[in-house]
Amino acid sequence: AARLCSGAGGEAAAADGDGAMLRHLARKLRASGPVTVAEYMREALTNPGQGYYTRRGGVGESGDFITSPEISQVFGELIGIWYISEWMAMGKPNTFQLVELGPGRGTLTEDILRVFKQLASVLSKCDVSVHLVEVSPKLSEFQAEMLTGGKVQPNPEDKSAYMKGVSKTGIPIFWYRDIQDVPPGYSFYLAHEFFDALPIHKFQRTEKGWREVLVDIDPEVPDQLRFVLSPSRTPATQNFIQPEETRDHVEVCPEAGVIVQRLASRIEKDGGAALVADYGHDGTKTDTFRGFRNHKLHDVLSAPGTADLTADVDFSYLRKMAQGRTATLGPIKQREFLKNMGIDLRLQVLLQNSGDTATREQLLHSYDMLMNPKKMGDCFNFFALLPHHRLVHPDKKDKPESKSPLPPVAGFNELLLK
Ligand code: SAH
């Protein structure tokens, strides 16, 4: 099953054999007191030695959760078409970087690059390069294998990248740990199930005002973690709660805010667009922090480092953090976005071309996973950052009749390739 879209974790899995991460955290908590949920999540997911993504990496059928690109090739193909459609609408610049944040097993990029190859005649005069932002050495190995057949060069001297290679279709690929290391330039950004993996702070309204939820060691049970409330306000309660907030429980992901600010500044300065797809809400949900292990909900405080931890993306926060540097579109439901991108037509073509019943059943099953409102169709959303001039002519105010209308943005409207 895919990661579910709501509901906090239930079932606790047996503790991991070595429990190294738990021992490390327990020592730290005993020595210096409780930590924020964000610090706990960061340690559990991306600690360089024992973090979940560093060691396990969990994406895919044999892992802990499965994602849309792993379910169907059609997903990545339609996203590839989105980039081509935006590239055309923006006047076919002669170069662009495809920058993916958190590429998992590399399947999404692989499907996008296949579309770029199929549309090589359209892209023929365009110089394309791929830039992957990935903290996990284990997942970067998977990506290298998938995209280059494993032919990569570590620590290239000419770049800020930690690894480089060439895709099977001849496109240069570079790996970085941080978006800031990616060279400036006209770029199309992609973040699929990336923002939900970034650390969140959790807050609770009490009679004495806002308090932050912290993770502590349970004094009664050895090496067992528990949630506690901060006795007073914390720097995060001061900075991250909006005065007009009406909810009693709130999750905030400042790291997502910083990354969106960076994306928006880069798009404003160098051009391009960003497409963000994830499960999330528009500033309405309260308690979405949960864990996944072996495709099942997992208690977030049990056996840290062995389970994926995640929280719904707050798209209203991302929109706010773009700070007007770019325009934003969405969030729009996955099933609407994919429908607008022509998923039905693509399915028909694949069904017609497939001879055997098993393949046809598989195609229909994966379509249902992506589109069914009760599966991934409703809870996954698409959200985009685009330069203002992509949506409104800069001189429209002065001479409204002088320009032809701008082409609609695919996915958020029906696809129009001209
Ligand atoms: N986009 C993929 C994988 C999603 S899992 C898919 O949809 O299948 C989240 C991905 O983000 C993993 O590749 C993980 O290693 C990466 N990741 C998590 N935190 C990160 C961070 N702080 N910086 C860069 N990559 C990160």
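**View 1. The ligand sits in the largest pocket of this predicted model.** Here's where the ligand ends up, with 19 residues surrounding it. The closest of them are Thr67, Gly102, Gly104, Glu134 and His192. Sort the shell by class and you get 10 nonpolar, 6 polar and 3 charged residues.

**View 2. Thr67 and Glu134 each bring a side chain to the ligand's oxygen atoms.** On Thr67, a polar side-chain atom lies 2.6 Å from an oxygen atom of the ligand. For Glu134, an N or O atom in the side chain is 2.6 Å from a ligand oxygen atom.

**View 3. Gly104 meets the ligand through its backbone.** A backbone N or O atom of Gly104 lies 3.0 Å from an oxygen atom of the ligand. As for cover, the ligand taken alone exposes 570 Å², and the protein buries 95% of that.

**View 4. Residues 6–17 are a stretch to read with care, with pLDDT under 50 throughout.** For these residues, the model has 30 contacts beyond four places in sequence. Over the chain, pLDDT averages 92, and 93% of the residues score at least 70.

How values were computed: Residues are numbered from 1 along each chain as its sequence is written. This is a predicted model: local features need pLDDT of at least 70, side-chain atom pairs count only at pLDDT 80 or more; totals for chains, interfaces and linings use all residues. Side-chain values use heavy atoms; hydrogens and water are left out. pLDDT is the predictor's confidence in each residue, from 0 to 100. Contact means heavy atoms within 4.5 Å. A residue is near a molecule or strand if one of its heavy atoms lies within 4 Å of it. A polar contact is a pair of N or O atoms within 3.5 Å; within protein, one must be able to donate a hydrogen and the other to accept it, and residues adjacent in sequence count only if both atoms are side-chain atoms. Accessible areas come from the Shrake-Rupley method with a 1.4 Å probe; for residues, only the protein chains shown count as cover. On a 1 Å grid over the protein atoms alone, a cavity is a set of points where a 1.4 Å probe fits but cannot get out, and a pocket is an open set with protein on both sides within 12 Å along at least five of seven lines; lining residues have an atom within 4 Å of a point. A molecule sits in a cavity or pocket if more than half of its atoms lie within 2 Å of its grid points. Ala, Val, Leu, Ile, Met, Phe, Trp, Tyr, Cys and Pro count as nonpolar, Asp, Glu, Lys and Arg as charged, and the others, Gly among them, as polar.
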